[in-house]
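Thanks, everyone. Let's go straight to the structure and talk through the inside first.

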Amino acid sequence: IHTGAGRCRNTKICPERLRAMMSGAFFCDGVLDFRGNSSFCRENQSASVVTFSSCTDTGSCVLSFGESASMDAEKMHLILGCPSSGMSLAAPSSVLAFDSDAVSRVGGIWAGVERTNLAQVEVKRGEVQVGSFGIRLGGTWESYWSKGSVARGVMKVSGGAVTVGGLAYNGYYAGIAGICVGEGMNDGRENNEDFRYSGRFELDGGAVTNTQGFFCIGGGRADGEFIQNGGTFCQQLTETAGKYPCPQIVGAFTGGGLYAVSNGVARFETGESMYVGGISLDDMRRAGYFSLATDVSKILANIATEPNAASGKVEVAGGSLVSNGGLVLGADGRGEISIVGSRSEARFASLVMSNAVESVARFVFDADGVRPLKIDGLATITDGARLEVDLSSYAGPAKPFRLIDCASRMGDFPESGIKITGATGRYAGTSVVYTGRGVRLRIPCGTVVLFR
C-alpha cells in the first residue's frame with residue numbers, strides 16, 4: 001500500500017489489522033478489497049482530506065469492505081475521484097462499497113465533486129457512520145473548473161444502515177453539512193457557462209438517518225434526485241445541529257430537484273418546512289448554509305442572471321412521506337407535489353402554494369382512486385396555484401374524493417388553474433368543490449333509468 005501519490009493495482013488485503021495513515025491523494029487502478037477483520041483506519045486525531053481515485057484518465061478504482069472489514073477514520077474527509085481530463089459518465093471512475101457486517105466510520109463522503117467523472121457509493125449491509133463533513137453527491141468544493149467539466153455522484157443503499165452526524169465534530173463546516181444531492185451553489189457562471197453538476201441517491205432497503213439537519217436536493221447549478229423504492233429515511237436534528245433550523249430543500253436557486261417515494265417510509269422530524277421549487281436567500285441565511293459557502297457572490301450571481309429558475313418536485317407513488325413541518329411550493333421557481341394512487345401517504349403540518357412562478361398539486365388516480373394530501377394545519381392557496389387531476393386509470397364508482405384534507409383553508413384555485421383529464425363517459429361532469437376543511441373532487445353519480 002502506498003500513500004501520498006502512490007499506486008496499487010488489483011490488490012486484495014486480508015490482515016487482521018491494516019493501519020493506513022492517509023494524507024493527501026491515494027490512487028488505485030483495480031480493486032482494493034478489505035476482508036476478514038481488516039480495517040482501513042486513521043489514528044491521527046487531526047482532520048484530513050483524502051482523495052481516492054484512479055491514477056489514469058480512463059481507469060477505475062474500487063475500495064470495498066466485505067466480511068467483517070471496516071473503515072475506521074471518523075475525522076477523514078474522503079473524496080471519491082479527482083480532477084481528470086479524460087471524463088466520461090459511462091462507468092464509475094471511483095467506487096466505495098460496503099458489504100460488511102461491521103461498523104464503519106468516516107468523517108465525510110463526497111462523490112463526484114468538481115471534475116471527477118462518475119463516482120459511486122454502495123451500501124449493502126452493516127452500518128456506516130458519517131461525520132460532520134456529511135454526504136455530498138455531485139457538486140462543488142472550493143475551486144471553479146473550466147468549461148466542459150463532468151461531475152456526477154451516485155449513492156445506492158440496498159441494506160444496512162447509514163447515519164449522518166453523531167461523530168466527533170471535526171472543526172469544519174460548522175457541523176451542518178448533512179446530505180446534499182446535486183449541489184452547485186458555490187459555482188458562478190464565469191468560464192463555466194454550459195456545466196451542471198448532478199447527483200442521485202437511491203434507497204432500496206435498509207435505513208438512512210440524517211441527524212445533522214441540512215438536506216438539499218438540486219441546489220445552484222446542479223440537478224439532484226432522491227429515489228426511494230424501499231427502506232426508511234429519517235431526517236432529524238441533534239443538539240449539535242440544532243442551532244440552525246435546517247429546512248429541507250428540493251430545487252434551489254437555479255437547481256432542479258426530485259424526491260420520489262414509491263415504497264418505504266420517509267419521516268422528516270425537524271419541525272422545519274420542506275421547500276420545493278426554490279427558497280429565499282433570507283431563509284438560506286437563516287438555515288446557516290452561508291457559514292459553509294466558499295463564495296456567496298457565486299450564489300448571488302446565479303440569482304441575478306436567472307431569477308426564479310429553481311425547479312422541484314416531490315412525488316409519492318406508494319409508501320409514506322410524513323413531516324412535522326410545512327410544505328412550501330414554488331417560493332422561488334416551479335414547485336410540485338404529486339400524489340399517485342390509493343396506496344400513498346403524504347402528510348405535512350401546513351401547506352403554502354406560492355405564486356412566485358408556479359406551484360402545482362397533482363393527483364393521479366389508480367383503479368381504486370387516490371389518497372389525499374393531508375395537512376394538519378392551514379393550507380394556503382394563492383391565485384396563481386394550479387390543480388391537476390388525472391382520472392385516466394380510475395375504474396371505481398362515481399363518488400367524491402378528498403384531494404387536500406386540511407384543518408383550515410385560505411384561498412381557492414382559479415378556474416383557469418384547474419385541469420382534469422380522463423373525466424369521460426360515466427365520469428363526465430367531474431368538478432372541484434371546496435369545504436372549510438379542504439378541496440374535494442366531485443364525481444357525479446348521474447341518473448339511473450330502469451326499463452321493465
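How do the residues of the lining of the largest cavity divide into nonpolar, polar and charged? Five are nonpolar, three are polar and two are charged. Keep in mind that this is a predicted model.

Now the cavity itself. A search of the whole structure turns up one cavity of 30 Å³ or more. Its volume is about 40 Å³. Who lines the largest cavity? Phe65, Ala69, Phe98, Ser100, Ala102, Ser104, Arg125, Gly126, Glu127 and Val128 do. Two elements each give two or more residues to that lining: β7, spanning 94-113, and β8, spanning 117-139.

Stay on strand β7 for a moment. Arg105 lies in that strand. Is Arg105 buried, exposed or partly exposed? Arg105 has 30% relative accessibility, so Arg105 counts as partly exposed, because the partly exposed class runs between 20% and 50%. Next, look from Arg105 to Val130. Along the chain, 25 residues separate the two. Their C-alpha atoms are 6.0 Å apart.

On to the cysteines. How many disulfides does the structure hold? Zero. Take two of the cysteines in turn. Cys234 has 2% relative accessibility, so Cys234 counts as buried. Cys406 comes in at 1%, and therefore Cys406 counts as buried as well. The cut-off for buried is under 20%.

To recap. There is one cavity of 30 Å³ or more, with β7 and β8 each giving two or more residues to its lining. Arg105, in strand β7, is partly exposed. Disulfides number zero.

Conventions:
Residues are numbered from 1 along each chain as its sequence is written. This is a predicted model: local features need pLDDT of at least 70, side-chain atom pairs count only at pLDDT 80 or more; totals for chains, interfaces and linings use all residues. Side-chain values use heavy atoms; hydrogens and water are left out. A disulfide is a pair of cysteine sulfur atoms within 2.5 Å. Buried means under 20% relative accessible area, exposed over 50%, partly exposed in between (1.4 Å probe, protein chains only). On a 1 Å grid over the protein atoms alone, a cavity is a set of points where a 1.4 Å probe fits but cannot get out, and a pocket is an open set with protein on both sides within 12 Å along at least five of seven lines; lining residues have an atom within 4 Å of a point. Grid points are joined across faces, edges and corners, and a volume is the space filled by probe spheres set on the points. Helices (H or I, at least four residues) and strands (E, at least two) are DSSP runs, numbered from the N terminus. Ala, Val, Leu, Ile, Met, Phe, Trp, Tyr, Cys and Pro count as nonpolar, Asp, Glu, Lys and Arg as charged, and the others, Gly among them, as polar.
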